[in-house]
Amino acid sequence: IAKASKEVYNVRRFKQGDKYTVFTTKDTIPKLAFLVYQPNEVDYILYDLRDSIVIEAKKKDIEIRVREASGIINSSLYQTLVDQNVSPKLAVELADVYAWTIDFYRIQKGDYFNVIFEEKFIDDERVGVGSILAADFNSYNEDNYAFLYDQGEGPDYFNEQAESLRRAFLKSPLKYGRLTSAYTKKRFHPVQKRYKAHLGTDYAAPRGTPIRTVGDGKIIAASYSGGNGRYVKVQHNSRYTTQYLHMSRIASGIKNGRYVKQGEVIGYVGSTGLATGPHLCFRFWDNGVQVDPFKIKAPPTTPVSEQNMADFTSQSEKWMEQLNALQLSSEASETMTKDSVD
């Protein structure tokens, strides 16, 4: 089986906790007929052992159901979703949709969301989250709409003005982490024990968390220095440059002169250099001057074309009406809860 399986599924990938099923014949002395191995809820490997060994990789039929959800954040987005029996994987999907427009490490109590999304089911059991079809994430009292639309180049997300949600720069170089220190002209340094300017943005995250370049560009440094530890610096164009400090290690293949794409992993969180614990210090330059990355207003990429505008407008208006109805329902529910407590 191991030899025959190599081209389809290497048995070395079998691991503890995965499911398997054995089928035997109904003979007086039963013989092994089939082995089914399930590495996850969707995929399975069928081993037909009746005559010669035949091995096939297959997938279960997935049913897609459209679902609505809304909520007000009191502790975290993750917990808000769990409280509503919504897969916390939706938090990751929302972070991906709004990667260019919202920093999910800065969301606060009172922020709220309305979302219409796909859920995946196998045999009536929920197995995952599909695409987000439409969403409104209100952060700091500002609505951020996202509508999934395909204008012939693959599906992408656009706001109510038909502008792409994609920007020249991601809002954060980490998918997972916690903002611990923002850009400031005066901060007490935890290692040097004195007040000094901190012209970067610190994110606390577990050691080994992948670090992404926030935009396309050319590596102009991938090295080590005493205070910065292991770091990478990226030149995005003639105006903007970013730097990523205190890495545990630099990603394989990342070296001076190499071009990288937005979202590409360039290193991993660590605590090299002047650092009290694992974190990323992210620095941003505008025309050679270090600036607060949260104040950079990067322009959107390609908007909905004029020839697709009528179709997009028709679809987005329907989604917006449905999202706004969700918000009204959520507000009514919140009012009823407060009244019952009073």
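Here are three short exercises on salt bridges in this predicted model.

**Exercise 1.** Work out which residues are linked in a network with Arg65, and how open Arg65 and Glu63 are to solvent.

*Solution.* Start with the pair: Arg65 and Glu63 form a salt bridge, with their closest N and O atoms 3.2 Å apart. Next, bring in Asp124, which is linked with Glu63 and Arg65 in a network of salt bridges. Now check accessibility. Arg65 has a relative accessible area of 28%, and Glu63 comes in at 40%. Partly exposed covers the range between 20% and 50%, so Arg65 is partly exposed and Glu63 is too.

**Exercise 2.** Find the partner of Lys261 and say where each of the two residues sits.

*Solution.* The partner is Asp216, with 3.4 Å from N to O in the salt bridge. Lys261 sits in the loop between β18 and β19, while Asp216 is in the loop between β14 and β15. That puts them 45 residues apart, so this pair links distant parts of the chain. As for solvent, Lys261 is exposed at 53%, whereas Asp216 is partly exposed at 36%.

**Exercise 3.** Arg239 pairs with Asp286: which parts does the bridge tie together, and is each residue buried or exposed?

*Solution.* First the contact: the closest N and O atoms of Arg239 and Asp286 are 2.7 Å apart. Then the location: Arg239 lies in the loop between β16 and β17, and Asp286 belongs to strand β20, so the bridge ties together parts 47 residues apart in sequence. Last, accessibility: Asp286 has 15%, which makes it buried, since the cut-off is under 20%. Arg239, at 39%, is partly exposed.

Technical notes:
Residues are numbered from 1 along each chain as its sequence is written. This is a predicted model: local features need pLDDT of at least 70, side-chain atom pairs count only at pLDDT 80 or more; totals for chains, interfaces and linings use all residues. Side-chain values use heavy atoms; hydrogens and water are left out. A salt bridge is a side-chain nitrogen of Lys or Arg within 4 Å of a carboxyl oxygen of Asp or Glu. Buried means under 20% relative accessible area, exposed over 50%, partly exposed in between (1.4 Å probe, protein chains only). Helices (H or I, at least four residues) and strands (E, at least two) are DSSP runs, numbered from the N terminus.
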